[in-house]
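Q: Could you pick one part of this structure and go through it closely with me? I'm in my first year, so please explain the terms as you use them.

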Amino acid sequence: MPGVHATMPLFRNDTVAAPVAVGDTTTDQRPTTEALRLHARASEAATAGITVSDCRLPDLPLVYANPAFLRMTGYTLGEVVGRNCRFLQGGDTAQPGLATLRAALRAGQDCAVLLRNHRKDGTPFWNELTMAPVRDEAGVLTHYIGIQTEVTARVEAEAALHRANAELERRVAARTAALTAANAALVAAQYETLDRLARAAEARDDDTGQHTVRVGATSALLARELGWPVAEAERLGRAAVLHDVGKIGIPDGVLLKPGRLDAAELAVMRAHTTAGAAILAGSTQDVLRLAEEVALTHHERWDGGGYPRGLAGAAISLAGRVVAVADVFDALTHARPYKAAWPVADAVAEIARQTGRQFDPAVVAAFLALHGRAPAPDAS
Ligand SMILES: Cc1cc2nc3c(=O)[nH]c(=O)nc-3n(C[C@H](O)[C@H](O)[C@H](O)COP(=O)(O)O)c2cc1C
């Protein structure tokens, strides 16, 4: 019967869509001779290794290995049958895949692991091993089937990629660190130049140059108290040291005059704001642009009565409003040719009195809060 022959099952009780031989009601699960022949041929032709280990014999020995397994390992059938497969590990019994494999063996389950093995000639290779348990009709574990695929090329390519990535990351980190250090050095050099420029301007009426340094420090503290981010507060502190840079062009007769200035002299003196802004104008550097703003506006008053432009309230740059308070506080608490140093408490009271008049009330509030918490910097 050709039709029946075409749909004959390989195992006697396999269910198939087409009718099987009439009257065949056997429950026998043993493969037919043809099935054995086909499975044997499939195993022989497979490109992956196929092995069978017998669980009923001591130490799980190999009882079958296909040609692909023998080609992969370099052993003959006679050399492997009867041995446990661990001989392929070359003594490397601590590799992570083995822990998974042992747990699967204990539980009678299947598993897939990556193992480092060695061929007969000693060369190492990577073996992707899939293991599956085989049970008899009663459910008793009799064998384990192993399917071995060599994946050396893939594992080595992955390792090379990993090494290349790690090297790349290392180089990027080193380059970033070098750039960060170079940038920090550049910023430090820039700030030092600003300090020295400020000192040059200040040298004629304050040979210690400490007024500019103190005004810078107080301005940065005030900015922090007003909620500015650290970097911006620090930048204001750096810019504030240049608030009087315009004094560099004021004649000694006016700058160093111990008595009161007449109207003409006062006008010359006040021009230090616009002269300072002119020195600093046109920079591409944030800190210098801020310094220009501060030089121009630190003598403006909140009530509009200041100079050089008579701006009022929020029309005055906030940086200028902050430095105005720091500048006056420092001037009051230090001796000048025409006046003695005020006690700190008196100077604080004067700043408070000027809230909403000379100074921005918000900046005065920050100043008082700061002063209440800690002594003003170097107000001795
Ligand atoms: C069917 C089967 C195939 C195996 N194939 C390999 C193999 O190709 N390479 C290998 O290193 N281990 C293989 N093993 C694992 C070892 O034979 C052994 O089970 C493993 O090293 C854990 O046992 P141990 O702790 O006694 O060494 C296989 C195990 C079984 C059951």
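A: Take the contacts in the chain between residues at least 6 apart in sequence: 51% of them join residues at least 24 apart. Two residues are in contact when their C-beta atoms, placed from the backbone, lie within 7 Å. This is a predicted model, so local features need pLDDT of at least 70 and side-chain atom pairs count only at pLDDT 80 or more, while totals for chains, interfaces and linings use all residues. Residues are numbered from 1 along each chain as its sequence is written.

The chain has 15 helices and five strands; these are DSSP runs numbered from the N terminus, with helices being H or I of at least four residues and strands E of at least two. Of its 380 residues, 27% count as buried, meaning 20 or more other C-beta atoms lie within 10 Å of the residue's own (12 or fewer is exposed, in between is partly exposed; C-beta atoms are placed from the backbone).

Now for our close-up: helix 6. Running through residues 152–202, helix 6 has 51 residues and reaches 74 Å from first C-alpha to last. That's close to the expected 75 Å, which is 1.5 Å times one less than the number of residues. Helix 6 is hardly covered, with four buried residues among its 51. Those are L194, A198, A201 and E202. Their cover includes helix 7 (210–225), helix 8 (230–240) and helix 12 (286–297).

Let's follow helix 12 a bit further. Its axis comes within 7 Å of the axis of helix 11 (residues 272–280), and the two cross at roughly 170°. Axes here are lines fitted to C-alpha atoms, for helices over the stretch in contact, and angles run from 0 to 180 degrees between N-to-C directions. So helix 11 is roughly antiparallel to helix 12, the label for angles over 145 degrees (under 35 is roughly parallel, 65 to 115 roughly perpendicular, the rest oblique). Helix 11 brings T273, T274, G276, A277 and L280 to the contact, and helix 12 brings L288, A291, E292, A295 and L296. Sorted by class, that makes six nonpolar, three polar and one charged residues. Ala, Val, Leu, Ile, Met, Phe, Trp, Tyr, Cys and Pro count as nonpolar, Asp, Glu, Lys and Arg as charged, and the others, Gly among them, as polar.
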